[in-house]
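Please read the following note with the sequence and the structure open. The points are numbered so that each can be checked in turn.

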Amino acid sequence: MPRTLLIDVPENFSFRSTVYSHGWCELLPFELDDENWRLSYVFSDAGNGKHSPGVMYENDGKVVVELANAKVPDVKVLADARHILRLDEDLTDFYGKLTQNEALAWVSEKSAGRMLRSPTVWEDLVKTLCTTNCSWALTKIMVRNLVEKLGAPAGRGKYAFPTAEAMARMPEHFYRDEIRAGYRSPYFIELAESVTSGKLDPEAWLHSELSTPELKKEIKSVKGCGDYAAENLLKLLGRYDGLALDSWLRSQFYKKHNREKVCNDKKIERHYSKYAEWRGLAIWCDMTERWFTDGR
DNA sequence: GCGTCCAGGTCTACC
DNA sequence: GGTAGACCTGGACGC
């Protein structure tokens, strides 16, 4: 039976700014209707293998979650929605840092800075691997293939994000031929097997007591995860002291701050050093300003 | 239509 | 520790 849940949001929360924070809203099981500002997702109760396609949107100062069925318990859906939209993340200190720089004043005005994420670190980790060394178009293809070919059917033509168990079962040629993952194929299998065997627990990274450099080292132990991928995942975990520089971010920096000339990473790091532990979020907001101020 | 380049990089071998 | 070369794919681009 369909049902509707309501979630209170913090004062400095913007549904649009959060959904548009980066490309994750374009990766299945997320789907964005940017005319009506509704974000779809397939919620899962991993323990029971149940799934509920849902739609999130903002109305009257609350986030509304409409669900197609009652297969996933309310408490699980609510927790996942809060996690996805980062409703419990306190950005007060970050916004305070931005008052030192008028150029980034728009961030707090637009209530930006909450980077959309998946309900599980597992899903974010796999998606991050899909962003490495390829175009965004290929990233979307790989994620779509993973979801539609390995995800559990959830009705209405929707699929949940595949579990580690489902991914561990498939042979390498499946990833090469069906997912189009190329050289990443053995990495996916190794990662999935590590998670299913209990050797690796990505969800524990959310509350890890390790320092960021130590946690980064652990993330980089995953084959296919280098500096960019580890720092990108750290941002999704709520740690912003790495810049997660990739070719897109670098090119945007050259255009905006270096007269379109290439420079080394040290210069980029110096530029954002004043934001201290928030520098990774500061560079991301700075480089994506047009998305929020010009419309996207 | 075909070849080349490169994109939201990383791994390995070698020095 | 630093660096060169290999690695899959698909889209853009030049011819």
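The note below takes up the two DNA strands, then the packing of helices, and lastly two details of the backbone.

1. Status of the model. The structure is a predicted model, and each statement below should be read with that in mind.

2. Surroundings of DNA strand B. How many residues surround DNA strand B? There are 20, and the closest of them are N133, G224, G226, A229 and S247. On the side of the DNA, sugar and phosphate make up 67% of the strand B atoms that come within 4 Å of the protein. Sorted by class, the protein surface near DNA strand B consists of nine nonpolar, eight polar and three charged residues.

3. Individual contacts to DNA strand B. Three atom pairs illustrate how the protein meets different parts of this strand. The side chain of Y183 places an N or O atom 3.2 Å from a base nitrogen of DNA strand B. D227 approaches through its backbone: a polar backbone atom of D227 is 3.3 Å from a phosphate oxygen of DNA strand B. D246 uses its side chain, in which an N or O atom is 3.5 Å from a sugar or linking oxygen of DNA strand B. The elements that contribute two or more residues to the surface near this strand are α11 (227-237) and α12 (247-257). The largest share, three residues, comes from α11.

4. Surroundings of DNA strand C. Which residues lie around DNA strand C? They are N133, L138, I141, R176, R180, G182, Y183 and R184. By class, three are nonpolar, two polar and three charged. Of the strand C atoms within 4 Å of the protein, 72% belong to sugar or phosphate, and the rest belong to bases. The student may note that N133 is listed among the closest residues to DNA strand B and also among the residues around DNA strand C.

5. Individual contacts to DNA strand C. A base is reached by N133, which has a polar side-chain atom 2.9 Å from a base nitrogen of DNA strand C. Two arginines meet the sugar and phosphate portions. In the side chain of R176, an N or O atom is 3.2 Å from a sugar or linking oxygen of DNA strand C. In R180, a polar side-chain atom lies 3.1 Å from a phosphate oxygen of DNA strand C.

6. Helix α5 against α11. Helix α5 (residues 121-129) packs with α11 at an angle of about 150 degrees, and the two axes are 10 Å apart. Because of this angle, α5 is roughly antiparallel to α11. The crossing is right-handed. From α5, the residues V121, D124, L125 and T128 meet A229, N232, L233, L236 and L237 of α11. This contact comprises six nonpolar, two polar and one charged residues. A229 thus has two roles in this note: it appears in the contact with α5 and among the closest residues to DNA strand B.

7. Helix α5 against α9. The angle between α5 and helix α9 (residues 185-197) is about 165 degrees, with the axes 11 Å apart. The angle therefore makes α5 roughly antiparallel to α9. Here, too, α5 passes in a right-handed crossing. W122, L125, V126 and L129 of α5 form the contact with F188, L191, A192 and V195 of α9. In this contact there are eight nonpolar residues, no polar residues and no charged residues.

8. Helix α8 against α9. Is helix α8 oblique or roughly antiparallel to α9? Helix α8 (residues 172-179) and α9 pack at an angle of about 130 degrees, with axes 8 Å apart. This angle means that α8 is oblique to α9. The crossing is right-handed. E172, Y175 and R176 of α8 make the contact with S185, P186, F188 and I189 of α9. The residues divide into four nonpolar, one polar and two charged. R176 belongs to this contact, and R176 is also one of the residues around DNA strand C.

9. Two backbone details. Most residues other than glycine have a negative phi, and most peptide bonds are trans. Two places in the model should be viewed against that background. The peptide bond from L28 to P29 is cis, with omega near 5 degrees, and P29 sits in the loop between α1 (15-19) and β2 (31-33). R156, although not a glycine, has a positive phi of about 55 degrees. R156 is located in the loop between β6 (153-155) and β7 (158-159).

Notes: Residues are numbered from 1 along each chain as its sequence is written. Chains are lettered from A and ligands numbered from 1 in the order in which they are written. This is a predicted model: local features need pLDDT of at least 70, side-chain atom pairs count only at pLDDT 80 or more; totals for chains, interfaces and linings use all residues. Side-chain values use heavy atoms; hydrogens and water are left out. A residue is near a molecule or strand if one of its heavy atoms lies within 4 Å of it. A polar contact is a pair of N or O atoms within 3.5 Å; within protein, one must be able to donate a hydrogen and the other to accept it, and residues adjacent in sequence count only if both atoms are side-chain atoms. Helices (H or I, at least four residues) and strands (E, at least two) are DSSP runs, numbered from the N terminus. Ala, Val, Leu, Ile, Met, Phe, Trp, Tyr, Cys and Pro count as nonpolar, Asp, Glu, Lys and Arg as charged, and the others, Gly among them, as polar. Axes are lines fitted to C-alpha atoms, for helices over the stretch in contact, and angles run from 0 to 180 degrees between N-to-C directions. Angles under 35 degrees count as roughly parallel, over 145 as roughly antiparallel, 65 to 115 as roughly perpendicular and the rest as oblique. A crossing is left-handed if the near helix is turned anticlockwise from the far one by less than a right angle, and right-handed if clockwise. Contact means heavy atoms within 4.5 Å.
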